[in-house]
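These are my notebook entries from a session with one structure. I looked up charged pairs, a surface patch and a few side chains.

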Amino acid sequence: MLLQGIPAFACCFALLVWIWSEHDAFFERYPLQDRTTVVLNSSLLFVVLLYIYPLKFMFDSFMFEVLRLKARPDLERMTLDELARASILYGLGFFLLMSLFSLLYLHAHRRRSDLQLTPLDAYDARSFAGHHAVSAGVGLFAMFFALLAPKELAFLSPSSFALMGPGHAWYAARSHKRRTAFIARLESAAPAQVS
């Protein structure tokens, strides 16, 4: 019976690893230690700690509704109303997390001269902010779906995170095109600066 709780736990663990990976990547690129970074980073960690434990119960109920899996028979599953409220909170939490990552990258862009970023590195910082804004938008969509959809369908709110695939594919294609154009502008400006 306990093994049936593994899929929900795996979802929480995967989310935690992903957040840690994003966090690590940011500070590897931009070793900022100023007050704004500390406030944004502390807020990020607070949201993670606040949401990661209750998230397990939401995933348990989601797994029950979709796959009919239940971790333990002595635990009552969430009602549809409770699952809808949990989905609203999860969507909100995800929106906050991704927005904080976006703000960290925008802050790195603002501090580009202190970080001695090249114009392309500064452009990439802004692009990473947009990448996380796409994720934040998906979290917002999931929240509003749980808030506005009929209660019988509210349990599907977590599945709306599948929109991250096409959302990021669209953003990556758009971003690649703009980055290529930006590089071309930098290269065309370089000879003019030499002469």
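Entry 1. I started with Trp20, and I note that the model is predicted. I looked up the relative accessibility of Trp20 and found 57%. The cut-off for exposed is over 50%, so Trp20 counts as exposed. I placed Trp20 in helix 1, which covers residues 6-29.

Entry 2. I then asked which residues make a nonpolar surface patch with Trp20. I found Phe9, Phe13 and Val17 listed with Trp20, and the patch comes to about 460 Å².

Entry 3. I turned to the charged side chains. How many salt bridges does the structure hold? I count three.

Entry 4. I took the pair Asp34 and Arg111, whose side chains meet in a salt bridge at 3.2 Å, N to O. This pair links distant parts of the chain, with the two positions 77 residues apart in numbering. I located Asp34 in the loop between helix 1 and helix 2 (35-67), and Arg111 in the loop between helix 3 and helix 4 (119-148). For Asp34 I read a relative accessible area of 18%, so Asp34 is buried, the limit being under 20%. Arg111 has 23% and is therefore partly exposed.

Entry 5. I checked Arg111 for another partner and found Asp114, with the closest N and O atoms 2.5 Å apart. Is Asp114 buried or exposed? Asp114 is exposed, because its relative accessible area is 52%.

Entry 6. I looked up the salt bridge between Arg179 and Asp124, where the N to O distance is 2.8 Å. Arg179 lies in helix 5 (residues 164-194) and Asp124 in helix 4, so this pair ties together parts that are 55 residues apart in sequence. Arg179 has a relative accessible area of 29%, which means partly exposed. Asp124 has 15% and is buried. I also noted that salt bridges with shared partners join Asp34, Arg111 and Asp114 into one network.

Entry 7. I closed the session with Ser99, which I found in helix 3 (residues 80-110). What lies 2.7 Å from a polar atom of the Ser99 side chain? I found the backbone oxygen of Phe95 there. I also looked up Ser99 against Val134: the C-alpha to C-alpha distance is 9.3 Å, and the two residues are 35 residues apart in sequence.

How values were computed: Residues numbered from 1 in each chain as written. Predicted model: local features only at pLDDT ≥ 70, side-chain atom pairs only at ≥ 80, totals over all residues. Heavy atoms only, no water. Patch = residues over 30% accessible without salt bridge, like charges linked within 9 Å, V, L, I, M, F, W, Y side chains within 5 Å. Areas by Shrake-Rupley, 256 points an atom, 1.4 Å probe, with all protein chains shown as cover. Salt bridge = Lys/Arg side-chain N within 4 Å of Asp/Glu carboxyl O. Helix = DSSP H or I, 4+ residues; strand = E, 2+ residues; numbered from the N terminus. Buried < 20%, exposed > 50% of the residue type's maximum accessible area, 1.4 Å probe, protein only. Polar contact = N/O pair within 3.5 Å; in protein donor to acceptor, adjacent residues only side chain to side chain.
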